Amino acid sequence: MSQFWSPIVQTLTPYVPGEQPKLPGLIKLNTNENPYPPSPAVATALQAVPADTLRLYPDPDSSALKEALSTYHDVQPNQIFVGNGSDEVLAFVFMALLKHEAPLLFPDITYSFYPVYCKLFGIDYQEVPLTPAMEIDTADYVNQSCGGIIFPNPNAPTGIALSLAKIEELLIKQPNAVVAVDEAYIDFGGESALPLIHKYPNLLVIRTFSKSRSLAGLRVGFAVGHPKLIEALERVKNSFNSYPMDRMALAGAVASYGDEAYFQQTRKAIIDSREQMTQALEKLGFSVLPSSANFIFARHESYAASQLAAGLRERAIIVRHFNHPRINQYLRISIGNPDECKALIQTLTLLTSKH
Ligand code: PMP
C-alpha cells in the first residue's frame with residue numbers, strides 16, 4: 001500500500017545496521033559492540049530505579065546526566081546536548097546545523113548513515129575521497145565553500161585517526177562552516193577534539209555510550225560545543241520529542257561515568273587485544289589498517305573478503321563486509337574478548353591455509 005507513503009518516504013534508502021542474530025554460541029564481531037559488560041555500578045543504578053517512578057515522565061532536560069558529563073569533561077551544562085544514542089544526536093545535528101545552500105562534505109568511505117540522513121532531510125552533499133592510504137586529507141576540505149563538514153574520528157570503518165593539529169587547521173580554514181567530529185570510537189586511541197570547543201564556536205563533538213561504555217543497549221549519546229550550537233539542537237529536540245532520554249537510560253549513564261577505574265580497565269583490555277589481533281592477522285597474510293578504534297579493517301592478499309566472511313559465518317563467527325567497490329576486499333572485525341579473538345584467529349588460520 002505504498003501509495004499512502006509521503007513522497008519523501010518513496011525516495012528513502014534506509015540505513016541497514018549489522019544483523020543481531022539470536023543463534024546460541026555465535027561469536028558476534030560485526031557491530032563494534034563492547035565485549036565486556038557495563039560497569040557493575042550501572043546494574044546497581046538500574047535496579048535502584050523505583051518501578052513506581054516509571055509512571056512519571058523523565059526530566060526533559062536530562063539535568064543529572066548533563067551535570068555528570070559537564071564535570072567529567074570540564075565544560076558547562078549548556079555546552080552539552082544529550083540524546084537517544086548518538087544516531088539520534090547525529091540526526092538532529094544534520095537537521096539543525098548541516099543543512100545549508102552549499103553542499104555538506106564528508107569522506108567517500110565513512111559511516112554509512114551520513115548519506116541516509118542527507119536523503120531524509122534533503123541535504124545536498126559531496127563525498128570527498130579518502131587518500132589511497134585510506135586517510136582523510138583535510139586539505140581536500142578547505143578550498144571550497146561548504147554547508148558543513150562531518151567525519152568520524154577515528155574514521156569508520158577504517159579505524160584510522162586524524163591528528164588534533166589537522167582538525168584545528170580545518171576549524172581555522174573553514175570558520176563559517178560547522179565541523180562535526182563524530183567521536184564514537186575516540187576512547188580507543190584517537191586524540192579528542194573536545195578541548196578545542198572553547199576556542200572554536202564552529203566545532204561540535206559527538207560522543208556515544210555504546211562503545212567504550214558498553215551501553216549500546218541503553219541508547220545514550222551526546223554532543224559538546226558552543227552554547228549556540230547546543231541551542232540549535234535543543235530547538236530541534238523540543239520540536240520532535242520532549243523526552244528522548246528515559247529514566248533507566250539517565251540512571252545507567254550517570255552511574256557509568258561514576259566508575260572511572262572500570263572504564264580504564266576495559267578500554268585498555270580492548271586496546272591490548274587489538275594490538276595482539278593485528279599481529280596475528282598480519283602473520284596470516286592480512287594487511288591491517290592502523291586502527292585507533294575497537295575494530296580493525298583488514299584485507300587478505302590472496303583470499304576474497306566475501307569468501308572469508310562466508311567461511312567465518314559457517315563456523316558461527318560474524319564480521320562485517322561492505323559491498324562498496326573501494327572496500328569490498330576488506331573485513332571489518334570488532335575486537336572481542338580474548339576467547340573470541342582466539343576463535344577468530346583459529347578459524348581464519350583454517351580458512352587461509354586451504355588451497
Ligand atoms: N557514529 C559512528 C561512526 C558509528 O559507527 C556508530 C555506531 N553504528 C554511531 C555513530 C552510532 O552509535 P549509537 O547510536 O549507538 O550511539
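**Group meeting: the ligand site, the cavities and a few backbone details**

Let me begin with helix 4, which spans residues 85-97 and gives the most to the shell around the ligand, with 4 residues. Please keep in mind throughout that what we are looking at is a predicted model.

The shell as a whole is made up of 13 residues that surround the ligand, and the closest of these are Ser86, Asp182, Tyr185, Thr208 and Ser210. If we sort the shell by residue class, we find 5 nonpolar, 4 polar and 4 charged residues.

Now to the individual contacts, of which I will describe three. At Ser86, a polar atom of the backbone is 2.7 Å from an oxygen atom of the ligand. At Thr208, by contrast, the atom involved is a polar one in the side chain, and it lies 2.5 Å from a ligand oxygen atom. Tyr111 also takes part through its side chain, where an N or O atom is 3.2 Å from a nitrogen atom of the ligand. As for cover, the ligand on its own has 410 Å² of accessible area, and the protein covers 91% of this.

Where, then, does the ligand sit with respect to the pockets of the model? The space that the ligand takes is the largest pocket, and this pocket holds about 790 Å³ of space. Its lining counts 39 residues, and those closest to the centre of the pocket are Tyr15, Tyr111, Tyr185, Arg320 and Arg332. Two of these names have come up already, since Tyr185 is among the closest residues to the ligand and Tyr111 is the residue whose side chain has an N or O atom 3.2 Å from a ligand nitrogen.

The elements that give two or more residues to the lining of this pocket are helix 4, strand 3 (104-107), helix 5 (114-121) and strand 4 (125-128). Helix 4 gives the most here, with 3 residues, just as it gives the most to the shell around the ligand. By class, the lining of the largest pocket divides into 19 nonpolar, 11 polar and 9 charged residues.

Let me turn from the pocket to the cavities. How many cavities of 30 Å³ or more are there? The count comes to 3, and in the largest of them there is about 50 Å³ of space. The residues that line this largest cavity include Pro38, Ser39, Arg213, Asp259 and Tyr262. Helix 9, which runs over residues 260-283, gives the most to that lining, with 3 residues, and the lining as a whole divides into 3 nonpolar, 5 polar and 2 charged residues.

I will finish with the backbone, where three places deserve a look on your screen. The peptide bond from Asn153 to Pro154 is cis, with omega near -5°, and Pro154 is found in the loop that runs between strand 5 (148-152) and helix 6 (164-173). A cis peptide bond also leads from Ala156 to Pro157, with omega near 5°, and Pro157 has its place in the loop between strand 5 and helix 6 as well. The third place is Ser62, whose phi is near 50°, a positive value in a residue other than glycine; you will find Ser62 in the loop between helix 2 (40-47) and helix 3 (63-73).

Methods: Residues numbered from 1 in each chain as written. Predicted model: local features only at pLDDT ≥ 70, side-chain atom pairs only at ≥ 80, totals over all residues. Heavy atoms only, no water. Near = heavy atom within 4 Å. Polar contact = N/O pair within 3.5 Å; in protein donor to acceptor, adjacent residues only side chain to side chain. Areas by Shrake-Rupley, 256 points an atom, 1.4 Å probe, with all protein chains shown as cover. 1 Å grid on protein atoms, 1.4 Å probe; cavity = no way out; pocket = protein on both sides within 12 Å on 5 of 7 lines; lining within 4 Å. Sits in = over half its atoms within 2 Å of the grid points. Nonpolar A, V, L, I, M, F, W, Y, C, P; charged D, E, K, R; others polar. Points joined across faces, edges and corners; volume = space filled by probe spheres on them.
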